[in-house]
Amino acid sequence: MRKKIKKYFALVAMIAFAAVGMTSCGGSSGSDNEADEIPTDGLLGDLPMLTAKYCNKIVDLREKMFSGQLTENELKEARAEFDETEKERDAKLLLARQALNGKEVPVEVQEGLAISISGTLKIDSENKGQIFAVGTGETQKNFTYEEIPNIYVIPIDTDGKAIATHRGGFWEAESGKGAFDWKKGEKFVMKATVSVGSTSANSRNTSEMKRWAKLAKFVIMDSKSDAYKKLKEQLEADKKAEEIEAAKEVIGEK
């Protein structure tokens, strides 16, 4: 009886340990084959493809371990495979991130927005955390505290569509002061978020990485403008179409 109890608690402990350190990839959106088809010749190289590929693998292994259909030995083997996959993922993502460090990404400022950017943005992917495309700029008018949150940094793909439409980054004064009223001529550092290549990525999926693989530039925009609203509507429509196509695949329709 005691042996059975020990085995039971060992199995529970193994499952609990398997849950620790897993990436929160969300549902498995897209197969391994679909991830392999993500282009690798864009500004971000093979990082979007690798992000999607390993997220899918992690999700599949997690589902396998929690299926309730494995024997104790099979669960140990699955856990070992999970650990090996994580190591392989971390190594490949690290090398892909390092290859991008310092790479330039074009940046534009929406017409009529009273800020300027000096040259291009440069990718900062040296550390393990979030990747940013960083540049410097200057205000062309006085900005109030209320206006600053309306300025978004939008990643745009090679088709002129938005890859994401959340705020997408932040800017901070070179002087080091907080985000209070900024005067005309204030110099700042702009950091645009590049949402790929994180080993703790949230809700990463194949569709998102397909969009990031086509990154062409960043555009600094007023989120209250019609141009921004049109980009957001287009992205929402594209995502809805992707959901419908995925649903059709589930039930075998083409």
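**A walk from Val194 outward**

Start at Val194. Beyond its neighbours within four places in sequence, Val194 is in contact with Leu44, Gln130, Ile131, Phe132, Ala133, Trp212 and Phe218. Keep in mind that this is a predicted model.

Several of these names return in the core. The largest nonpolar core has 40 residues. Those with the most contacts inside it are Leu44, Phe143, Trp171, Val194, Trp212, Phe218 and Ile220. Helix α3, residues 47-65, gives the most to this core, with 5 residues. Another core lies apart from it and has 8 residues. Ile154, Ala162, Val219 and Tyr228 are among them.

Now turn to the sheet. It is open and is formed by 5 strands. Their order is β1-β3-β4-β7-β6, and the pairing is antiparallel. At the edges are β1 (104-105) and β6 (169-173), each of which pairs on one side only. Inside the order, look at β4 and β7. Strand β4 covers residues 131-139 and strand β7 covers residues 187-194. The two pair in the antiparallel sense over 8 bridges. To find one of the partners, take Thr136: its bridge partner in β7 is Val189.

Next comes helix α6. This helix runs over residues 226-250 and has 25 residues. From its first C-alpha to its last, α6 reaches 36 Å. That is close to the 36 Å expected at 1.5 Å a residue. Its buried residues are Tyr228, Leu231 and Leu235. Tyr228 also belongs to the core of 8 residues. What covers the buried residues of α6? The cover includes β5 (151-157), α5 (206-212) and β8 (215-222). After α6 comes Gly252, with a positive phi near 85°.

Finish at Gln110. This residue sits in the loop between β2 (107-109) and β3 (115-124). Is Gln110 buried or exposed? Gln110 counts as buried because its relative accessibility is 15%, and the cut-off for buried is under 20%. Its side chain reaches the backbone nitrogen of Asp222 at 2.8 Å. Asp222 appears again in the wider set of neighbours. Leaving aside residues within four places in sequence, Gln110 is in contact with Val219, Ile220, Met221, Asp222, Ser225 and Ala227. Two of these names lead back to the cores. Ile220 is one of the residues with the most contacts inside the largest nonpolar core, and Val219 is among the residues of the other core.

Terms used:
Residues are numbered from 1 along each chain as its sequence is written. This is a predicted model: local features need pLDDT of at least 70, side-chain atom pairs count only at pLDDT 80 or more; totals for chains, interfaces and linings use all residues. Side-chain values use heavy atoms; hydrogens and water are left out. A nonpolar core is a set of buried Ala, Val, Leu, Ile, Met, Phe, Trp, Tyr and Cys residues joined through side-chain atoms within 4.5 Å. Buried means under 20% relative accessible area, exposed over 50%, partly exposed in between (1.4 Å probe, protein chains only). Helices (H or I, at least four residues) and strands (E, at least two) are DSSP runs, numbered from the N terminus. Contact means heavy atoms within 4.5 Å. The expected span of a helix is 1.5 Å times one less than its number of residues. Two strands pair if DSSP finds at least two bridges between them. A polar contact is a pair of N or O atoms within 3.5 Å; within protein, one must be able to donate a hydrogen and the other to accept it, and residues adjacent in sequence count only if both atoms are side-chain atoms.
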